[in-house]
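Here are a few worked exercises on reading contacts from a structure. Have your viewer open, try each task, and then walk through the solution.

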Amino acid sequence: MKLSEIKNHLNKLETIGFQLPNGELVPAHFHVTEVGRITRDFIDCGGKVRSETVINFQLWEENDYDHRLHPEKLVKIIELSERIFNFDDLEIEVEYQGKETIGKYNLDFDGKNFLLTSKITACLALDACGIPEAKPKVKIAEVESSCCNPSSGCC
């Protein structure tokens, strides 16, 4: 989800909810403690130089039950960040403290809640790093029933 999209959704909501991939909701007393831009410069395993930039939201919860973050307040935080940091309309990445470590998530919306969706890793240089392509799995019964069948007349 891009920055413009979250603002559009927030402008239509009365409350904000973030749902984890396991279906649990982030407790309603969460705070957005950071809105920032993260740029990552790296070299992939094929030697290609790459750069990635995202807008980062950090969600945090503590025992502060009296201060709920309302949609209009989060829009103001986002707009202030846009003015100060001159953000482009980039994809959003969300950080949230799990039980053991900080999780990083993509963001989606289901019409009611913002969905924290799983991020996965992948090789960006499959053609250069030597990982063979997966061979198609073929059932022996299918091969035997094709032209290799002794009664098929192909031999």
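**Before you start**

This is a predicted model, in which local features need pLDDT of at least 70 and side-chain atom pairs count only at pLDDT 80 or more, while totals for chains, interfaces and linings use all residues. Residues are numbered from 1 along each chain as its sequence is written, and side-chain values use heavy atoms, with hydrogens and water left out.

**Exercise 1. Place Lys7 and find its partner.**

Task: work out whether Lys7 is buried or exposed, and which side chain makes a polar contact with the side chain of Lys7.

Step 1. Lys7 counts as buried because its relative accessibility is 18%; buried means under 20% relative accessible area, exposed over 50%, and partly exposed in between, with a 1.4 Å probe and protein chains only.

Step 2. Find Lys7 in helix α1, residues 3-10. Helices (H or I, at least four residues) and strands (E, at least two) are DSSP runs, numbered from the N terminus.

Step 3. List the contacts, meaning heavy atoms within 4.5 Å. Leaving aside neighbours within four places in sequence, Lys7 is in contact with Val75, Ile78, Glu79 and Glu82.

Step 4. The polar contact is with the side chain of Glu82, at 2.8 Å. Such a contact is a pair of N or O atoms within 3.5 Å; within protein, one must be able to donate a hydrogen and the other to accept it, and residues adjacent in sequence count only if both atoms are side-chain atoms.

Step 5. Lys7 and Glu82 also form a salt bridge, with the closest N and O atoms 2.8 Å apart; the term requires a side-chain nitrogen of Lys or Arg within 4 Å of a carboxyl oxygen of Asp or Glu. The pair links distant parts of the chain, with Lys7 in helix α1 and Glu82 in helix α2, 75 residues apart. Glu82 is partly exposed, because its relative accessible area is 21%.

**Exercise 2. Survey the salt bridges.**

Task: state how many salt bridges the structure holds, and find which residues are linked in a network of salt bridges.

Step 1. The total is 5 salt bridges. As background, side chains of opposite charge can pair when their charged atoms come close.

Step 2. One of the bridges joins the side chains of Asp44 and Arg50, at 2.7 Å from N to O. Asp44 counts as buried at 8% relative accessibility, whereas Arg50 is partly exposed at 24%.

Step 3. Lys104 and Glu93 form a salt bridge whose closest N and O atoms are 3.7 Å apart. Lys104 lies in strand β5 and Glu93 in strand β4, so this pair ties together parts that are 11 residues apart in sequence.

Step 4. Glu93 is buried, with a relative accessible area of 8%, while Lys104 is partly exposed at 44%. The Glu93 side chain also makes a polar contact with the side chain of Asn56, at 3.4 Å.

Step 5. The network consists of Glu93, Lys104 and Lys119.

**Exercise 3. Explore the nonpolar core.**

Task: identify which residues in the largest nonpolar core touch the most other members.

Step 1. Apply the rule: a nonpolar core is a set of buried Ala, Val, Leu, Ile, Met, Phe, Trp, Tyr and Cys residues joined through side-chain atoms within 4.5 Å.

Step 2. Of the 29 residues in the largest core, those touching the most other members are Ile6, Phe18, Phe57, Leu59, Leu107, Phe114 and Leu116. At least two core residues come from each of α1, β2 (31-43), β3 (49-60), α2 (71-85), β4 (92-97), β5 (102-109) and β6 (114-118).

Step 3. Zoom in on Leu107: beyond four places away in sequence, the residues it touches include Met1, Ile6, Phe18, Ile92, Val94 and Phe114.

**Exercise 4. Describe an aromatic pair.**

Task: find how many aromatic pairs there are, and say what geometry Phe18 and Phe30 form.

Step 1. Rings of Phe, Tyr and Trp (its six-membered ring) pair if their centres lie within 6.5 Å; planes under 30 degrees apart count as stacked, over 60 as edge-to-face and the rest as tilted. The count comes to 4 aromatic pairs.

Step 2. Phe18 and Phe30 are edge-to-face, at 5.2 Å centre to centre and 90 degrees between the planes. Phe18 lies in strand β1 (residues 18-19) and Phe30 in the loop between β1 and β2, so the pair ties together parts that are 12 residues apart in sequence.

Step 3. Both Phe18 and Phe30 are buried, and they form one aromatic cluster with Phe109 and Phe114.
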